[in-house]
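The following exercises concern strand pairing, ligand surroundings and residue environments in a predicted model. Each task is followed by a solution in steps.

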Amino acid sequence: MTAAERERAARYHFQEDRKRYTAGRSTLRRLLAQSTGIAPSELVILEAEWTKPRLELPPDIPSIFFNVSHSGDFVLLAVSDTVEVGVDIEQVRADCPITDLARRYYSPAEFQYLETLPSDQRLRDFYRFWTIKEAVLKCAGLGLSVPPHVVDIRLKEDGIPELHCLDGNRMFLAQISVRELAVAEGYASALALKTQDKISINLA
Ligand SMILES: CC(C)(COP(=O)(O)OP(=O)(O)OC[C@H]1O[C@@H](n2cnc3c(N)ncnc32)[C@H](O)[C@@H]1OP(=O)(O)O)[C@@H](O)C(=O)NCCC(=O)NCCS
């Protein structure tokens with residue numbers, strides 16, 4: 001890691017946050033090094049508050065896209081040499097005030113759908129929707145600067161999520177595709193890709 005990254009790690013108040021950040025950032029550097037042939041410590045990751053971190057590469061090296069999410073015991077990293085990516089992982093917490101959050105941050109249709117579900121399924125789908133929304137907004141580099149209800153999720157008959165966009169100025173969000181990932185028991189997670197093409201994914 002760079003000196004700035006080590007300083008950031010040292011600033012975390014809780015040891016578990018420090019460990020998660022350090023594990024995530026050092027693994028990210030290792031993966032990006034494999035993809036680019038540049039030594040991990042020499043990779044330039046450009047970061048600014050509220051913006052999506054990105055890799056600055058010499059002009060002769062093709063672009064590499066990545067995104068990161070942390071929750072509980074996990075760091076989820078996506079690296080792509082093809083398209084922009086976004087990821088989100090969330091530890092499912094039964095004490096989360098999902099009804100209040102869904103009323104505030106979800107579309108009316110999503111809220112109504114969740115209200116029809118028994119409580120265990122409501123908790124599961126609340127988190128599915130949250131991780132999908134966040135992965136899509138992170139893929140677009142917007143993060144939570146955009147209200148999450150703008151990404152409106154409908155589940156098709158086969159349970160596969162379908163994206164709609166409720167903001168006429170951001171219809172590009174509906175062109176992002178999503179895949180839900182089964183990372184671990186007790187976690188919801190999603191990967192968003194800035195394409196509608198079928199792209200093969202290696203999960204490791
Ligand atoms: C990015 C954001 C969605 C993170 O959400 P989170 O659930 O707390 O955290 P996650 O672990 O899932 O993701 C964090 C990672 O997202 C990445 N990230 C940061 N900003 C991002 C953005 N705009 N787009 C995509 N990814 C972003 C970073 O890599 C970060 O990890 P790192 O700092 O260790 O490298 C959220 O903090 C955000 O949207 N911030 C910017 C918008 C905002 O809140 N503005 C308020 C003022 S308008």
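**Exercise 1. Determine how β8 is joined to β9, and place both strands in their sheet.**

Step 1. Strand β9 comprises residues 187–193, and four bridges join β8 to it in an antiparallel arrangement. One bridge pairs Glu-180 with Ala-190 of β9.

Step 2. The sheet is open and consists of three strands in the order β5-β9-β8, with antiparallel pairing.

Step 3. β5 (85–91) and β8 (177–180) each have a single partner strand; they therefore stand at the edges, and one side of each is left without a neighbour in the sheet.

Step 4. Averaged over neighbouring strands of this sheet and with direction ignored, the turn of one against the other is 15°.

Step 5. Helix α5 packs on the sheet, where α5 touches β5, β8 and β9. The direction of α5 makes about 150° with that of β5.

**Exercise 2. Describe the hairpin of β6 and β7, and state which residue in it takes a positive phi.**

Step 1. β6 (residues 151–155) and β7 (residues 161–165) run antiparallel and are joined by five bridges. Within this pairing, Ile-153 stands opposite Leu-163 in β7.

Step 2. The hairpin has five residues between the strands, and Gly-159 has a positive phi near 85°.

Step 3. For comparison, consider a positive phi outside glycine: Trp-50 has a value near 70°. Most residues other than glycine have a negative phi. Trp-50 is located in the loop between β1 (44–46) and β2 (54–56).

**Exercise 3. Establish where the ligand lies with respect to the two domains, and characterise the shell around the ligand.**

Step 1. The domain assignment gives domain 1 (3–63) and domain 2 (90–176 + 188–193). Their C-alpha centres are 28 Å apart.

Step 2. The ligand is surrounded by 17 residues, of which the closest are Lys-52, Ser-69, Lys-138, Gly-143 and Leu-144. Two or more residues of the shell come from each of α2 (15–36), β3 (65–71) and α5 (119–139). The most are given by β3, with four residues.

Step 3. By class, the shell holds five nonpolar, eight polar and four charged residues.

Step 4. Both domain 1 and domain 2 give residues to the shell, so the ligand lies between them.

**Exercise 4. Classify Tyr-127, Trp-50 and Leu-203 as buried or exposed.**

Step 1. The criterion is a count of other C-beta atoms within 10 Å: 20 or more for buried, 12 or fewer for exposed.

Step 2. Tyr-127 has 23 C-beta neighbours inside 10 Å and therefore counts as buried. Tyr-127 lies in helix α5. Apart from neighbours within four places in sequence, Tyr-127 has contacts with Glu-90, Val-92 and Ala-188. Tyr-127 and Ala-3 are 124 residues apart along the chain, and 36 Å separates their C-alpha atoms.

Step 3. For Trp-50, the count is 9 other C-beta atoms within 10 Å, so Trp-50 is exposed.

Step 4. For Leu-203, the count is 8 other C-beta atoms within 10 Å, so Leu-203 is exposed as well. Leu-203 is situated in the segment after β9. From Leu-203 to Ala-10 the C-alpha distance is 30 Å, with a sequence separation of 193 residues.

Definitions and conventions. Residues numbered from 1 in each chain as written. Predicted model: local features only at pLDDT ≥ 70, side-chain atom pairs only at ≥ 80, totals over all residues. Domains from an automatic or database assignment. Near = placed C-beta within 6 Å. Nonpolar A, V, L, I, M, F, W, Y, C, P; charged D, E, K, R; others polar. Pairing = 2+ DSSP bridges. Axes fitted to C-alpha atoms, helices over the stretch in contact; angles between N-to-C directions. Contact = placed C-beta atoms within 7 Å.
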